[in-house]
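This report concerns the surroundings of a ligand and a pocket in a protein. Please study the sequence and the structure before reading on.

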Amino acid sequence: MEIIHISAECYPVAKVGGLGDVVGALPKYQTKAGHYAKVIMPKYETKFLQDHEFVEDFNGTIYLGNWELPYQILKEKNNILGFDLYLVDIKGLFDRIGVYNYDDDTERFMAFQIAIMDWLNHWQHEPDIIHCHDHHTAIIPFMMQHCYAYKNKMEKIASVLTIHNAQYQGWMGWHKNHYIPHYDSWKVGLLEWNNLINPLAAGIKCAWRVTTVSNSYMQELSWNSNGLEKLFEYEKGKCSGIINGIDAEVWNPTTDSFIENHYNEKSVVVGKQRNKALLCKEFSLDENKPLIVFIGRLVGEKAADILPNIIVSCMYAMPDSINFLILGSGDTQIEWQLQNLNNQFPQHYFFVKGYNEALSHQMYAGADFLLMPSRVEPCGLNQLYAMRYGTVPIVRSTGGLQDTVIDMGVEGGYGIRFNHAAVGDVHHSIYRAVTVYEDAKKMLAMRRLMMSIDNSWEKSVENYLQVYQQIKD
Ligand code: ADP
């Protein structure tokens, strides 16, 4: 099968969160399974793009309303990712370092999608599946079926939309309606949700199949999806949940190039202790105490706003018993509060502001526990990486966390789960963590068990292929 993945992120080209990890891995494993998967994404000014060679595959001109925009499609020359990587180069819109959070994101991602439609429309053949990821690409299924310029060629091609996060929907006012190439005006209702153009809603209505990144999240969307609850309930017949895998070539404690001391299930105690010692030295923490880490975006979805109170509460209740190391960026108020605690609890707490891929690997490898109090967690990759590195996850029972972590109180369990994103619940879970840390035998058993769990992409690739196959048959 020929599968075209369209996405705003793809690791290692450009990554902000889990979307990048998934789009960097899924096509690779689909290719390994004998299919022909390609990725098409914007050409940002990231280091990867500056360091690799590209050749022009196509060029053309599109219109965003009255705005004429020349674009170029570039192809990575040496297939170094294990699949074909194509970039859409639109000068003035994507030649910037960041991926999101610009005032003209609507214009950027509309132009990106229109350029892809224009390019695909010029192909001599038809791919089997157009696979869109999140709202930045979610108007494509609508355009394939209802825009006059594309429908002749594209309406019979199957489209799949994967929702990695339904909180963000790409809303735009109707005054931007003219950005969308001329379409059958009887179909205008497909674009609309709550009086706005809602790209994610349009994608859910128009894609042939919709998937999300875990079963529990799929169910949660019917009662918690930032305004789309009724739509998910109505469209549930074509929706399914497929849990993400992890790229075991990138996330592997026996080979990880970001970590100093490699280890496996047998050598986990020594390997972890060495990596932990390095981390503790770097951030002046106490290597003899349990190390609890948090890695992620500092936003309400991740319940990062309760982190400062959790830390204060635990530091006072269990003085000298724990270390916290936090890596992330996001809400400035949260960043500021976490930064302030650096002075309050030296030797037991450190906050590193920013995005740091290498440090994140070192933290998965060196930590004893990983905390994820998320209010919303569609799949969550951090807990899967933690498990692969023998780090016990402490997670709220929601979305993909609920589907992948079993509490240590249950037979065969290896993690710590709690129900509410509230300081009391997390505090109690950390107390359980500190207690079990004293039990070296139990810790080792949990570490070995987690490391042996197969969360690789192969299973998920099979599930995606079943979805493709069902719509093709
Ligand atoms: P989301 O996509 O909602 O942010 P996921 O758990 O799906 O959350 O994926 C998060 C990914 O981003 C993981 O690979 C995690 O290690 C990485 N990550 C998040 N924040 C940072 C950071 N500040 N530095 C390095 N990596 C980060």
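The sections below describe the ligand shell, its polar contacts and a pocket.

## The shell around the ligand

The structure is a predicted model. In this model, 20 residues surround the ligand, and those that come nearest are Lys 15, Gly 18, Asp 21, Lys 302 and Tyr 364. The shell consists of six nonpolar, nine polar and five charged residues.

Several helices and strands contribute to this shell. At least two residues each are supplied by the helices α1 (18-32), α12 (357-366) and α13 (382-388), and by the strands β12 (291-298) and β13 (323-330). Because domain 1 (2-245 + 458-472) and domain 2 (268-455) both give residues to the shell, the ligand lies between them.

## Polar contacts and cover

Asp 21 has a side-chain N or O atom 2.6 Å from an oxygen atom of the ligand. For Lys 302, a polar side-chain atom is found 2.8 Å from a ligand oxygen atom. Tyr 364 likewise places a polar side-chain atom 2.8 Å from an oxygen atom of the ligand. On its own, the ligand has 570 Å² of accessible area, of which the protein covers 93%.

## The second largest pocket

A probe the size of a water molecule, rolled over the atoms, shows where empty space is left. The second largest pocket has a volume of about 320 Å³. Its lining is formed by 14 residues, and Pro 12, Val 13, Ala 14, Lys 15 and Thr 46 lie nearest the centre of the pocket. By class, the lining of this pocket comprises nine nonpolar, two polar and three charged residues.

Terms used. Residues numbered from 1 in each chain as written. Predicted model: local features only at pLDDT ≥ 70, side-chain atom pairs only at ≥ 80, totals over all residues. Heavy atoms only, no water. Near = heavy atom within 4 Å. Polar contact = N/O pair within 3.5 Å; in protein donor to acceptor, adjacent residues only side chain to side chain. Areas by Shrake-Rupley, 256 points an atom, 1.4 Å probe, with all protein chains shown as cover. Helix = DSSP H or I, 4+ residues; strand = E, 2+ residues; numbered from the N terminus. Nonpolar A, V, L, I, M, F, W, Y, C, P; charged D, E, K, R; others polar. Domains from an automatic or database assignment. 1 Å grid on protein atoms, 1.4 Å probe; cavity = no way out; pocket = protein on both sides within 12 Å on 5 of 7 lines; lining within 4 Å. Points joined across faces, edges and corners; volume = space filled by probe spheres on them.
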